[in-house]
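The exercises below ask you to read a protein structure step by step, moving between the chain and its fold. Try each task yourself before you turn to the solution that follows it.

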Amino acid sequence: MEYKIGLIRGDGIGPEIVTEAVKVLDAVAEKYGHKFNYEEILMGGCSIDACGEPLTEEAIEAAKGSDAVLMGSIGGNTATSPWYKLPPNKRPEAGLLGIRKALNLFANLRPAYLYPELREACPLREDIIGDGFDMMIMRELTGGLYFGERKTEEVDGVMTATDTLTYTEKEIRRITVKAFDIAMKRRKKVTSVDKANVLDSSRLWRKVVEEAAKDYPEVKYEHMLVDNAAMQLVKDPKQFDVILTENMFGDILSDEASMVTGSIGMLSSASLNETKFGLYEPSGGSAPDIAGKGIANPIATILSAAMMLRYSFDLDKEADAIEEAVKQVLKDGYRTIDIMPQEEEKKNTVKQVGTKEMGDLIAERV
Ligand code: NAD
């Protein structure tokens, strides 16, 4: 098969980690007989430098013309970079918000998977970790409290701030369908998280989830209140497969879930729209502190590329091959600096490698 992939290398470590993901994609193309055509797209600080704005119309059109977009990260040092002297709507991050909106990316996916080799990075007790966990947080990204009407005003002489949380049936249904589709590719369980004991929006959420679930008889689903979900994530994370939730709950729970898996350099993510299109990127930022040093961990970006193959191109076998190659490299004892063991005696049991070598090692194992 032939696919067109938009590449946003971005700023900081972005270009370094995207190069390694492309290397791994090319290894997949060669092994499985596909053709990936790449189109470079400027966004973020590099676009400000080249075009005077973080996201141009041309860049949006190029992204829309691709089958999927793979991104590194954007932004610079917020204290020292001249990009942060610009008004907020001209800064690098405005590019990211702009492209999410332009492409209607309403579903955010963040896997939380604990690699056996990186168990010691997990802050949970051994008996809770057991033989590890593997979940996917599915967060609604374009509705809810963050996008509702807000105002701050004086009411009867008292400053009063109001935010509104609104969801339509349509918004809930489209993310629910995505979550059930994704559960079908996994262990076929959905936990829908809400606050239905208090919020009207959550009661509508539940009703729509129940209706949509009828089309997926193979998927087991349950409802869970968000306060309980926050506890269960650290008490028994193994119980979860797909966690489906609204924007703000997902914002908080996805960070909690990622913390229990260890390093930021391992965390992939995807943002999807109603078609097969998606924007795939590591969860971390542009890490200006280590940019250009050749030490950034490219694994989150490589795993984001695997998600792209699975969710945008339906190339499950190829995505499995990348994920297995990552597992094998860790098993073989290779680590970038961010995932090196902390204890001195354990450091001798593994070998520290740089960004490029990690990419080579994974590509070789595909
Ligand atoms: P950051 O994620 O860039 O860095 C936090 C820490 O994690 C740093 O010590 C960094 O060295 C480390 N780190 C991050 N990714 C790593 C990797 N792949 N390998 C090894 N170590 C890694 O967060 P920050 O410092 O708060 O933000 C830096 C810039 O990135 C800011 O301009 C911010 O706005 C931007 N940012 C962009 C995105 C995005 O592109 N989606 C997301 C978050 C932050």
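**Exercise 1: a residue between two helices**

Thr56 has a relative accessibility of 13% in this predicted model, and the task is to decide whether Thr56 is buried or exposed, and then to say where Thr56 is found and what Thr56 touches.

Solution. Begin with the cut-off, which is that a residue counts as buried under 20% relative accessible area. Thr56, at 13%, therefore counts as buried. Next, place Thr56 in the chain, where it is found in the loop between helix H2 (45-51) and helix H3 (57-64). Finally, setting aside residues up to four places away in sequence, Thr56 touches Ser47 and Cys51.

**Exercise 2: the order of a sheet**

Work out which strands stand at the edges of the open sheet, and then describe how strand E5 is joined to its partners.

Solution. Start by writing down the order of the 10 strands, which is E2-E1-E3-E12-E11-E4-E5-E10-E8-E9, and note that the pairing is mixed. Strand E2 (35-40) and strand E9 (220-225) stand at the edges with a single partner strand each, so one side of each has no neighbour in the sheet. From one strand to the next, the twist averages 25°.

Now turn to strand E5 (residues 134-140), of whose seven residues six are buried. With strand E4 (residues 107-113), E5 pairs in the antiparallel sense over seven bridges; Met136 in E5 is the bridge partner of Pro111, and Leu109 stands opposite Met138 in E5. With strand E10 (residues 242-245), E5 runs parallel, and four bridges join the two; here Ile137 stands opposite Ile243 in E10. As a last step, add helix H9 (residues 247-259), which lies across E4, E5, strand E8 (189-194) and E10, and runs at about 155° to E5.

**Exercise 3: a lysine in a loop**

Find the loop that holds Lys238, and then identify which backbone oxygen lies 2.7 Å from a polar atom of the side chain of Lys238.

Solution. Lys238 is found in the loop between helix H8 (226-235) and E10. With a relative accessibility of 33%, Lys238 counts as partly exposed. Then look at what Lys238 touches beyond residues up to four places away in sequence, and you will find, among others, Asp127, Ile128, Ile129 and Arg187. Although Lys238 and Ile129 are 109 residues apart along the chain, their C-alpha atoms are separated by 7.7 Å. The backbone oxygen asked for belongs to Ile128.

**Exercise 4: a buried asparagine**

Determine which partners the side chain of Asn297 has in polar contacts.

Solution. First locate Asn297, which lies in the loop between strand E12 (278-282) and helix H10 (299-312). Its relative accessible area is 7%, so Asn297 is buried. Leaving aside neighbours within four places in sequence, its contacts are Ile17, Gly265, Met266, Thr336, Asp338 and Ile339. Two of these partners can then be examined in turn: the side chains of Asn297 and Asp338 are joined by a polar contact of 3.1 Å, while a polar atom of the Asn297 side chain lies 3.4 Å from the backbone oxygen of Gly265.

**Exercise 5: two helices from far ends of the numbering**

Describe helix H1, and then explain which elements helix H13 packs against.

Solution. Helix H1 (residues 14-32) has 19 residues, and from its first C-alpha to its last H1 reaches 27 Å, close to the 27 Å expected. Among the buried residues of H1 are Ile17, Ala21 and Val28, and just after H1 comes Gly33, with a positive phi of about 70°.

The buried residues of helix H13 (residues 355-365) include Met358, Leu361 and Ile362, and the buried residues of H13 pack against H1, H10, helix H11 (316-331) and strand E13 (334-335). Asp360 also belongs to H13, but with a relative accessible area of 25% Asp360 is partly exposed. Leaving aside neighbours within four places in sequence, Asp360 is in contact with Glu20 and Lys23. Asp360 and Ala21 are 339 residues apart in sequence, while their C-alpha atoms are 9.9 Å apart in space.

How values were computed
Residues are numbered from 1 along each chain as its sequence is written. This is a predicted model: local features need pLDDT of at least 70, side-chain atom pairs count only at pLDDT 80 or more; totals for chains, interfaces and linings use all residues. Side-chain values use heavy atoms; hydrogens and water are left out. The expected span of a helix is 1.5 Å times one less than its number of residues. Buried means under 20% relative accessible area, exposed over 50%, partly exposed in between (1.4 Å probe, protein chains only). A polar contact is a pair of N or O atoms within 3.5 Å; within protein, one must be able to donate a hydrogen and the other to accept it, and residues adjacent in sequence count only if both atoms are side-chain atoms. Contact means heavy atoms within 4.5 Å. Two strands pair if DSSP finds at least two bridges between them. Axes are lines fitted to C-alpha atoms, for helices over the stretch in contact, and angles run from 0 to 180 degrees between N-to-C directions.
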